[in-house]
Amino acid sequence: MANTVKVRIDGKEVEAPAGTNLIDAAQLAGVHIPNLCYLKGMKGIGACRLCLVEVEGLKAPVIACNTKVKDGMVINTKTEKVQDVRRFVIDLLLSMHPLDCMTCTKAGVCNLQKYAYEFELKESSFLRKKSGYPVDSANPLIKRDPDYCVLCGRCVRVCKEQGTNVLDFMGRGIESKVVTANDKPLQESECTFCGSCVDACPVNALLEADRWRKGREWEYERLNSSCLLCGNGCDISVSTKDGEIQKINAGAPEGSCEKYICAYGRFGFDSVEGEARLRTPLKRVDGKLAETTWEDALKIVGARLKDAGGNAGFVSTAGILNEDAMVLQAFAKHVVKTKDVDTTLSLYGDAASFVNSHSGDINMADLIVFVGLAPSQWERVLPALDAAVRRRVARGAKLLVINEKDSRAAGAATVNLTGDVPRILRSIAKALITKGMKAAEDLEAAVKDAVVPSEEIEKTAALISEANEVLIFSSPSFFNAAANIALLKGKVISAGLESNARGVSLVGLGAEGKSYVEMVSGGVKVLYAVGEIPVGKRPNTDFLVVQNSHMTELAQQADVVLPSTMYLESPGTIIDHMGRVKYLPQVIEPVGQSKGHAQIFIELAREMGSKIERPTEEDVKKATRERAKLSVRSFEKKEGFDISPKEFIEAVNKSVIDGSRLVWLSLANSKVPA
Amino acid sequence: MSGDNVTSGKERKLEDIKMESEQKACPVQRALYYVEEFIKGPMCGKCFPCALGTAEARLRLLRLTKKAEDLGIQDIDALKRIGLQMMQGSFCKKGKDTGRYISDTLSSFGNDFLRHISGACSKEECVGFVTYSINPELCDMCGKCKEVCSYGAIAGEKKKPYLNGYLPFEIRQKRCTKCGECVIVCPAGAVEKINAVKDLVTS
């Protein structure tokens, strides 16, 4: 724990970590210091002047957002002097802000409204002004209304900090306006529609485009969960009303580098009620899929699986919950009695790399290393990792990128190395050992004849040896080589493309038997596909079962289709890419007759005369406990994982994209020349 | 509120603006000049009290010079508050100094400001308080004023010796911008500047 200092805020004694600013320290004491432009985690800019406070012993008031606590400080946040300035600023802001709180979507969570209430300002005592700038509502995702803008600059700063850099100010003073480059509509800029600006806006100037009349904050029920659409498994905060999802916001704690979700996470939820959503089981009758009952469907599938036994195979996505994975594992092994179970994980990585990954905290790392990895917010390939790392870099950490080709991530890098990745890593290891770092004998032997060819490598080695907390993110292909560096210093994490790649690996799903590729190219008699697998053409198999939330190309060619729940509809856990256990509550009731994967397997087992229990919390904990164990391996690239991450993520999320507003985004993106 | 200072070259100093403003005689005009030049030039416009405060001050001062409809003591109170709070709350010295300037001007020339509210500019610089009119007794109908008026605010017909039914020269008050060009060209000194309310007050 860092050193703490004692301060007194409005008479309340509080102990705050050294280096905390006064706004955060006051929050610890339960005192709210008004502010509009401050954003936790970022440096205060002192524009709004609402956070002025008086510190005893200082002549003039100081801004709390950019003043750090000092031992023994006595702070008064509500003196007449500073309250007058606050009232003045709010009064002025009200003079250029629409006074339509009664119909405003942000009512209840609007900071301006809150402060106007506090200062008893029914309306402004100043002259009415209006910006008159047009609304940007040309896209179905984010609406910008400059009339409401209070020019706090939060949106501009979050956009800059995460590296997207789309928004900026144009003009000065009250005539300034938040614009994209050349004041174009958002879709003609480089905007990724992540909506971080929407989360940052304290008023009604930036909003989800569809929020009008979809309820206001006090009508919502809010639950924290995780997004399962890609390997980042971001924290989300889901707002529901009348059992329906109204919006999703980034859910990581205030001030965390990880407070980010991409457009998929924020807007993909439309697909829950999408047209292609499966609501009942379907079976093939006279060559056509027809609705049937669960009872009937389970009977057919159960009989087929019983017949096939060891000739049946299961392919699943790695975006399923731990509970689902465990039940599937048990079902295949003990009920169907087949070894052939595998997941899409085997397309981009090996389970061993995920099992041996460390746990890490990006907020603590001061040197982040990408090995063979090119996260990109623009391509939506691990976008949250990209954003979090860029934020961390903006807040003082360093980034080292080691890749075969140049990538956009290199733009934020302190050192960018391209070329033969294992060779580079070997040289770095050698340079580190030469610098006097302790290494196991076999590692020393492995780098014995390596050369340290360039200044760049020396510089990289210096970066690593000087850093306090090194966090290496590696693509599974280079995990072993990257782990050798972690054996010298730091932590290493294998970055999967699906949300629960790590959980699925720890549970041991797909450890033996035929591989995913073998099965989808016709290796089994009965093929059972779980979740949205990236296969369009029916594999050569006698009987095909597709268990998914949406009608897909593959499902249309299936013999039986079982409707499963989507994320947010069934409770469970995942192990995210950083090794954290994340609990996903059930946020909404399953649509139609859809059921969770685990539930379906349990019922199928019953149909087939066996019994599987849903794993308890304890069972899951035991199965997924961290057991990273690194050993020295050769500096080599593991072959066979060369799929395009972008295409893969788009393929496993096809139903989500096509069934939501995101379809507009994919169309808009295809129109804009790259 | 960010953005670069758009004025090219060297930034103007507040002192210079103040000095330039003193070319005007009326304190309200001076303050207006100062605030407008400050907004155009040295203001960075990043902190709220300064950016929003000066914009409001400008509007209030404009009201004072133009004899706006519901002009009243509240306009002066607003200016006082802006000056004081800008001194307290602005981020930088420029903003604080501008606040101080507004405050100082108000306290040194309080009477002039008050007089504007009651409808008179003692220095006859605030156009809202002045009316121009043509004295028909003096007018010799040469038409020079009509020629020079860029706003078409003067009606009338040049006198022709053989006619006796003609329109006299008159100023259409609605169009008049009070630029004063007609006063300069009139050879007969027939265009009169009337500071109606001042006369009313002083008489």
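User: Let's start small. In β18(A), what is the bridge partner of A:V371?

Analyst: Bridge partners are a handy way to see which residues face each other across two strands. Here the partner of A:V371 is A:I402. Keep in mind that this is a predicted model.

User: Which other residue pairs tie β18(A) to its neighbours, and in which sense do the strands pair?

Analyst: Take one neighbour at a time. β17 (residues 367–371) of chain A pairs with β18(A) in the parallel sense, over 5 bridges. Along that pairing, A:I368 sits opposite A:L399. With β19 (residues 415–418) of chain A there are 4 bridges, again parallel, and A:I402 has A:L417 as its partner in β19(A).

User: What is the strand order of the sheet with β18(A) in it, and what's the pairing?

Analyst: Read the order across the sheet rather than along the chain. It goes β19-β18-β17-β20-β21 in chain A, an open sheet of 5 strands with parallel pairing. β19 and β21 (491–494) are the edge strands; each has a single partner, so one side of each has no neighbour in the sheet. From one strand to the next, the twist averages 15°.

User: Which helices pack on that sheet, and at what angle does each one run?

Analyst: Look at which strands a helix touches, then at its direction relative to one of them. Helix α12 (residues 421–434) of chain A touches β17, β18 and β19, with its direction at about 135° to that of β18(A). Helix α14 (residues 455–466) of chain A lies across β17, β18, β19 and β20 (470–474), and runs at about 130° to β19(A).

User: How do β17(A) and β18(A) connect, and what is the handedness of the unit?

Analyst: For a crossover, follow the path from strand to helix to strand. β17(A), helix α11 (residues 383–394) of chain A and β18(A) form a β-α-β unit that is right-handed.

User: Is β18(A) buried or exposed?

Analyst: For burial, count residues along the strand and then check its faces. In β18 (residues 398–403) of chain A, 6 of the 6 residues are buried, so the strand is largely enclosed by the rest of the structure. Both faces are covered: A:K398, A:L400 and A:I402 are buried on one side, with A:L399, A:V401 and A:N403 buried on the other. As a chemist you may want to look at A:K398 and A:N403 on screen, since they are among those buried residues.

User: How many residues of β15(A) are buried?

Analyst: Same procedure. For strand β15 (residues 312–316) of chain A it's 5 of the 5, so this strand too is largely enclosed by the rest of the structure. A:A312, A:F314 and A:S316 point one way and A:G313 and A:V315 the other, every one of them buried.

User: Which strands pair with β15(A)?

Analyst: Count the bridges on each side. β22 (residues 526–530) of chain A is joined to β15(A) by 5 bridges and runs parallel to it, with A:A312 opposite A:V526. β16 (residues 341–343) of chain A pairs with β15(A) over 3 bridges, also in the parallel sense, and there A:S316 stands opposite A:T343. β15(A), helix α8 (residues 322–336) of chain A and β16(A) make up a right-handed β-α-β unit.

User: Where is there antiparallel pairing in chain A?

Analyst: Go to the open sheet of 3 strands, ordered β10-β11-β12, where the pairing is antiparallel. β10 (221–226) and β12 (244–250) are at its edges with a single partner strand each, so one side of each lacks a neighbour in the sheet. The average twist between successive strands is 30°. β10(A) and β11 (residues 235–241) of chain A share 6 bridges, and A:R222 has A:S239 in β11(A) as its partner.

User: How many residues does each chain bring to the contact?

Analyst: With an interface, count both sides, then ask which elements contribute. Chain A gives 24 residues and chain B 22. On the chain A side, α2 (80–94) and β7 (168–170) each supply at least two, and α2(A) gives the most, with 7 residues. That side divides into 14 nonpolar, 6 polar and 4 charged residues.

User: And chain B: how many helices and strands are there?

Analyst: Chain B has 9 helices and 4 strands. Its radius of gyration is 21 Å, well over the 17 Å from the globule rule for 203 residues, so chain B is more spread out than a compact globule. Its C-alpha trace spans about 75 × 45 × 25 Å along the principal axes, and buried residues make up 35% of the chain.

Note on methods:
Residues are numbered from 1 along each chain as its sequence is written. Chains are lettered from A and ligands numbered from 1 in the order in which they are written. This is a predicted model: local features need pLDDT of at least 70, side-chain atom pairs count only at pLDDT 80 or more; totals for chains, interfaces and linings use all residues. Two strands pair if DSSP finds at least two bridges between them. Axes are lines fitted to C-alpha atoms, for helices over the stretch in contact, and angles run from 0 to 180 degrees between N-to-C directions. A residue is buried if 20 or more other C-beta atoms lie within 10 Å of its own, exposed if 12 or fewer, and partly exposed in between; C-beta atoms are placed from the backbone. A crossover is right-handed if, with the strands pointing away from the viewer, the path from the first strand over the helix to the second runs clockwise. Two residues are in contact if their C-beta atoms, placed from the backbone, lie within 7 Å. Ala, Val, Leu, Ile, Met, Phe, Trp, Tyr, Cys and Pro count as nonpolar, Asp, Glu, Lys and Arg as charged, and the others, Gly among them, as polar. The radius of gyration is taken over C-alpha atoms; the globule rule is 2.2 Å times the number of residues to the power 0.38.
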